[in-house]
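I opened this entry to keep track of what I looked up, beginning with strand pairing and then turning to the aromatic rings.

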Amino acid sequence: MKFKAFLTDHGVNLLEKRFLPALDKMGKTCHLYLTRDHAIFLHNLLNGDGIQSIAQFQKEALFEDYRISSQNDDRIAFTIDLSLLHRALRSILTIYTEFGGSHSGDSALNRLQIKLVKKLPPHSSQPMPFLTFETKGYKSAVIQDVPISKPLSRSDVLELQSALDMAQDLPQTLVQVPDMNQLQSFVDRMKHVGDVLNVSITKYGDLHLQISTSLITLGAEFRKLKVVGEQARASPGDDNLTAQTRTRRAIDKGNAMSVQVSVKHFFKSIQCHLAKPDCAFYGIAQQGSCLTVVFQFFVPGTRQTDKSISLHCRLPVLVDSGTN
Amino acid sequence: MSSSAVETESPDLVCELDNVQGMVDALTSVRWKRHQDAVLELSEHGLILIVEDTGCLQAKVYLQRELFVRYEYSATGRPRFGVSLGLFVDCLNTFCIPGHSSTIEFQYPGPDMQLLLKSTDSLSSCTYAEIRTRIPDTISWDYNFEPAGSTPISFTVKSSALKEAIDDLEWPGSSIQITMQPAPPSVTFKGEGHGDLQIDFMYYANMDLLTAFNCDQVVSHRYKYKFLRATTSNIPSSVIKDNRGSKLTIGRGGMLKVQHLVSVAKPSHSHPHVDSVGYQPPSRIAYIEFFVKPQVDEENAYDS
């Protein structure tokens, strides 16, 4: 089992400034799943009830000279502590950037290597697996070892792969969030009021969030959003209704779905905004099995989707939800 | 308490406010603990929110009708209802998204006696809330505030200085003696507990700090620290920044009245397209009053 690659400056920037801060909000540890073509950060795919997040990079988006081999179809997966990974990366960058990154002419002189190693940790007789970063500056070289779990067994990797395949289904209707910052500060304030969030999405492009407890009902409706996938035209009379009535009618007509999720999960999903996506879409999976948020990244300076990066989250639906 | 509104078509009150943050600030200043029941009283003059603690501390927030851009009052009598202060403030908070102007409409009562709120400033997005109200408890203690003598005994101090002084008195803790004397005109806060700490405001020495002083006799009373602290602990940062004065008056029997002014002015940067050039909205202020009962302690409290 071998993995060795060099992080590109773009890759370093993507991870250090954008994805690691975002993924750290999803949960302290995640699976890092490396294949021949992809590096994928996965949260909660094998263990149940948390928010699932999937951040997938084509190897070229992060690495160069990417080499991987394993007896399991060249696939390696392990769990890693994201805050340690982030710290190690930040620390190594202070040395790495002494040379001004790899733009310093002879790039072979100064590269940021990442590899999988087994080492004997201090005060231990058992060798342990590490993800190791290595680079050098003017006067110093630095190695950072990030402890990781034992690589997943063949069957666990298969299970992870099939969970990943299952998690790729897109909802039939997705609506685009108009302003993530606004939504974030709204939900941040809303979460003081209750724990369970009702999310309704219509084919007309309405996103309706509501918290309802015995003491208060608090909601917000965002209308006329961009719809991706199945859409429908709202009846003209709907404009004069209250948000609640409008949503109820849309559900009755089969033009909307509604699920209940944890406010905390919803807030976490918005925090993926730290990865600086260019747009975000919410949708409800078929049969209301989960709430999905898909983030879209553009090729810098264009409006074209950057297919080398993808990020989406799936929010588990609360079981006892559900008059709908 | 009015039930007439249920029968008649129009609700007791429909009003609209364009500075929710100002209202949040005003209400937050009387939020001294996590769970507080508040009573809202409606009248043709505006809204009053009243909170109370163990018969020793009462606070009132006056939101006069002038603060509202629309105020349609059609009740007879003065309807009152109870709400959870924390929930009310948390809920109002969701209506003020930074960098986003928010106009909010209040209506009472809703079909089920709720307090209804909704944002009205955008067609494509709308925030709404329904807050369950209760029948209020009768207020357990009458806070009739009467002047101690012929002239009111009072002083006005910069709000930030007052807050700082009260924060500093946390260390001796438990009970604080406030003494006012005419010669030399001064106010003394003295804490005795784990140690002694005395803070003097000398009128002639600190006229920019102590901006007004009225006292024709020596007055001295003790107050529980936690109640004194409640009067400044959640004072909004806007009040500290404006640094207007807070007025403290000692009434008959040593009852202490603390008054703050909270600006509910419309933020000047919002709605540039509506405000015509050079138009300055009239200064809009919410009044906050705290009433603190003195500690009953005959040896140390006296009106001379």
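**Strands and rings**

I began in chain B of this predicted model, where strand β16 (residues 245-250) and strand β17 (residues 256-263) run antiparallel and are joined by four bridges. Looking up one of the residues, I found that B:Ile250 has B:Leu256 in β17(B) as its bridge partner.

I then traced the sheet in chain B, which is open, has nine strands in the order β6-β2-β3-β4-β18-β17-β16-β10-β14, and shows antiparallel pairing. Its edge strands are β6 (80-84) and β14 (210-214) of chain B, each of which pairs on one side only, and the twist from one strand to the next averages 20 degrees. I also noted that helix α3 (residues 85-93) of chain B lies across β2 (37-43), β3 (46-53) and β6, running at about 75 degrees to β6(B).

Next I searched the whole structure for aromatic pairs and obtained 15 over all chains. One of them is A:Phe41 with A:Phe57, edge-to-face at 6.1 Å centre to centre, with 90 degrees between the planes. A:Phe41 belongs to strand β3 (residues 38-43) of chain A and A:Phe57 to strand β4 (residues 52-58) of chain A, so this pair ties together parts that are 16 residues apart in sequence. I checked burial as well: A:Phe41 is buried at a relative accessible area of 3%, and A:Phe57 is buried at 0%. Ring pairs link A:Phe41 and A:Phe57 with A:Phe19 and A:Phe297 into a cluster.

Last, I looked for charges over rings, and recorded A:Arg111 over the face of A:Phe6, at 3.8 Å from the ring centre, and the charged end of A:Lys191 over the ring of A:Phe267, 4.0 Å from its centre.

Technical notes
Residues numbered from 1 in each chain as written. Chains lettered and ligands numbered in written order. Predicted model: local features only at pLDDT ≥ 70, side-chain atom pairs only at ≥ 80, totals over all residues. Heavy atoms only, no water. Pairing = 2+ DSSP bridges. Helix = DSSP H or I, 4+ residues; strand = E, 2+ residues; numbered from the N terminus. Axes fitted to C-alpha atoms, helices over the stretch in contact; angles between N-to-C directions. Contact = heavy atoms within 4.5 Å. Phe/Tyr/Trp six-rings, centres within 6.5 Å; stacked < 30°, edge-to-face > 60°. Buried < 20%, exposed > 50% of the residue type's maximum accessible area, 1.4 Å probe, protein only. Lys NZ or Arg CZ within 6 Å of the ring centre and 35° of its normal.
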